Amino acid sequence: MAERNRVSPRSDIVAIPLRGRFMGNRGCLHRGRTVVRNHSGKRWIICVTDYPARTVPQWSEGHYTVLFFHDEAVALAAGHRPCALCRHERYNDFRAAWRAAHGGGLPSADEMDARLHGERLDGSHQRTHEAAWSSLPPGTFTLVDGGPALVLGETVVPWSEDGYAAPSTRPASGTATVLTPPATVAVLAAGYRPDVA
C-alpha cells in the first residue's frame with residue numbers, strides 16, 4: 001500500500017504508487033503516520049531524494065513531512081520551488097529566471113515564498129488562474145478535460161496517478177485553466193526548464 005505522502009499537480013497530498021524523482025516538504029503536516037494538514041508555513045521546497053547532510057526519516061515526530069513528486073514540473077504546479085541547500089544550482093537558476101521575469105534584484109527565498117504562497121492557495125484549495133493557451137511556456141500544468149496536463153511545446157500531456165499518458169495537440173487558441181502559479185509561469189517563460197520524467 002502506498003502511503004499518503006505523494007503530491008499531485010493539483011497540490012493534493014495523495015496515496016498513489018507513483019513515488020517520483022524528487023522529494024520536498026511544506027513543514028510538519030503529520031501526526032503519527034497520518035497527514036492532518038495541507039501545509040505548515042510558506043516554505044514549500046523541492047529537494048533531491050538523497051542528500052546525506054539532511055536526512056529525516058519519514059513520519060519523524062516533530063520534523064517536516066517528507067513528500068514525493070513525480071517530477072519537478074508536478075512540484076512547481078503544486079506551488080513548490082527548488083531547495084536552496086540540496087539543489088543550490090537549480091535554486092540559483094530559478095532565482096535568475098525570477099529576476100528576469102519580475103525585475104528587481106535576485107530574490108531571497110522569503111520573497112519568493114511569500115509571493116508563491118499568495119498565489120497557490122484559495123483557502124485550503126489550490127488557486128488556479130486563466131491564461132491564453134498561446135502564452136503558456138513548456139513546463140506549465142493546466143486542466144484538460146478536468147484533469148492535469150503538462151504543456152510541452154505544441155502538445156499537452158495528461159497526467160494521472162499512473163504518470164504521463166499519450167500527448168495530444170495543444171489548443172491553438174482560447175483560454176486555459178492553469179494550475180502552475182502565475183509567478184512560476186513567468187519564471188518558466190523566462191527560460192527555467194523543469195526536470196520532467
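Which residue lies over the face of Trp44, and at what distance from the ring centre? In the predicted model analysed here, that residue is Arg120, at 4.0 Å from the ring centre of Trp44. A further arginine is placed over this ring: the charged end of Arg26 sits 4.0 Å from the centre of the Trp44 ring. Arg120 also appears among the buried residues of helix α3, an element considered next.

Helix α3 comprises residues 109-120. At 1.5 Å a residue, its 12 residues should span 16 Å, and the end C-alpha atoms are indeed 16 Å apart, so expectation and model agree. The buried residues of α3 are Ala109, Met112, Asp113, Leu116, His117, Glu119 and Arg120. Viewed down the helix axis, these buried residues fall within an arc of 165° and therefore line one face of α3. The elements covering them include strand β8, helix α2, β9 (121-122), β10 (125-126) and α4.

Strand β8 is connected to α3 by a charged pair as well. Arg81 forms a salt bridge with Asp113, with 2.8 Å between the closest N and O atoms. The two partners belong to distant parts of the chain, Arg81 being in strand β8 and Asp113 in helix α3, 32 residues apart. Is this pair buried or exposed, as judged from Arg81 and Asp113? Arg81 has a relative accessible area of 2%, which is under the 20% limit, and is therefore buried. Asp113 is likewise buried, with a relative accessible area of 2%. Through salt bridges that share partners, Arg43, Arg81, Asp110 and Asp113 are joined into one network.

The structure holds 9 salt bridges, and the pair formed by Glu72 and Arg87 is one of those described here. The side chains of Glu72 and Arg87 meet at 3.1 Å, N to O. Because Glu72 lies in helix α1 (residues 72-77) and Arg87 in the loop between β8 (81-82) and α2 (88-102), this salt bridge ties together parts that are 15 residues apart in sequence. Glu72 counts as buried, at 0% relative accessibility, and Arg87 is buried with a relative accessible area of 7%.

The salt bridge between Glu3 and Arg33 has its closest N and O atoms 2.5 Å apart. Glu3 is situated in the segment before β1 (6-7), whereas Arg33 occupies the loop between β4 (30-31) and β5 (34-35), so that the pair links distant parts of the chain, 30 residues apart. At 26% relative accessibility, Glu3 counts as partly exposed. Arg33 is exposed, with a relative accessible area of 55%.

Glu3 is also among the residues in contact with Ile16; leaving aside neighbours within four places in sequence, Ile16 is in contact with Ala2, Glu3, Arg6, Trp159 and Glu161. Ile16 is placed in the loop between β2 (13-14) and β3 (22-25). Although located in a loop, Ile16 is buried, with a relative accessible area of 5%. Ile16 and Ala2 are separated by 14 residues in sequence and by 5.5 Å in space, C-alpha to C-alpha.

Aromatic contacts were examined next. A pair of aromatic rings is described by the distance of the centres and the angle of the planes. The structure holds 3 aromatic pairs. The rings of Phe94 and Tyr192 have their centres 5.3 Å apart and their planes at 85°, so this pair is edge-to-face. Phe94 lies in helix α2 and Tyr192 in the segment after α4 (182-189), with the two positions 98 residues apart in sequence numbering. Both Phe94 and Tyr192 are buried. Together with Trp98, Phe94 and Tyr192 form one aromatic cluster.

A stacked arrangement is found for Phe141 and Tyr164, with 6.5 Å centre to centre and 20° between the planes. Phe141 is in strand β12 (residues 141-144) and Tyr164 in strand β15 (residues 163-164), so placed that the pair links distant parts of the chain, 23 residues apart. At 0% relative accessibility, Phe141 counts as buried, whereas Tyr164, at 23%, counts as partly exposed.

Notes:
Residues are numbered from 1 along each chain as its sequence is written. This is a predicted model: local features need pLDDT of at least 70, side-chain atom pairs count only at pLDDT 80 or more; totals for chains, interfaces and linings use all residues. Side-chain values use heavy atoms; hydrogens and water are left out. Helices (H or I, at least four residues) and strands (E, at least two) are DSSP runs, numbered from the N terminus. Buried means under 20% relative accessible area, exposed over 50%, partly exposed in between (1.4 Å probe, protein chains only). Contact means heavy atoms within 4.5 Å. A salt bridge is a side-chain nitrogen of Lys or Arg within 4 Å of a carboxyl oxygen of Asp or Glu. Rings of Phe, Tyr and Trp (its six-membered ring) pair if their centres lie within 6.5 Å; planes under 30 degrees apart count as stacked, over 60 as edge-to-face and the rest as tilted. A charge sits over a ring if NZ of Lys or CZ of Arg is within 6 Å of the ring centre and within 35 degrees of the ring normal. The expected span of a helix is 1.5 Å times one less than its number of residues. The arc is that of the directions from the helix axis to the C-beta atoms.
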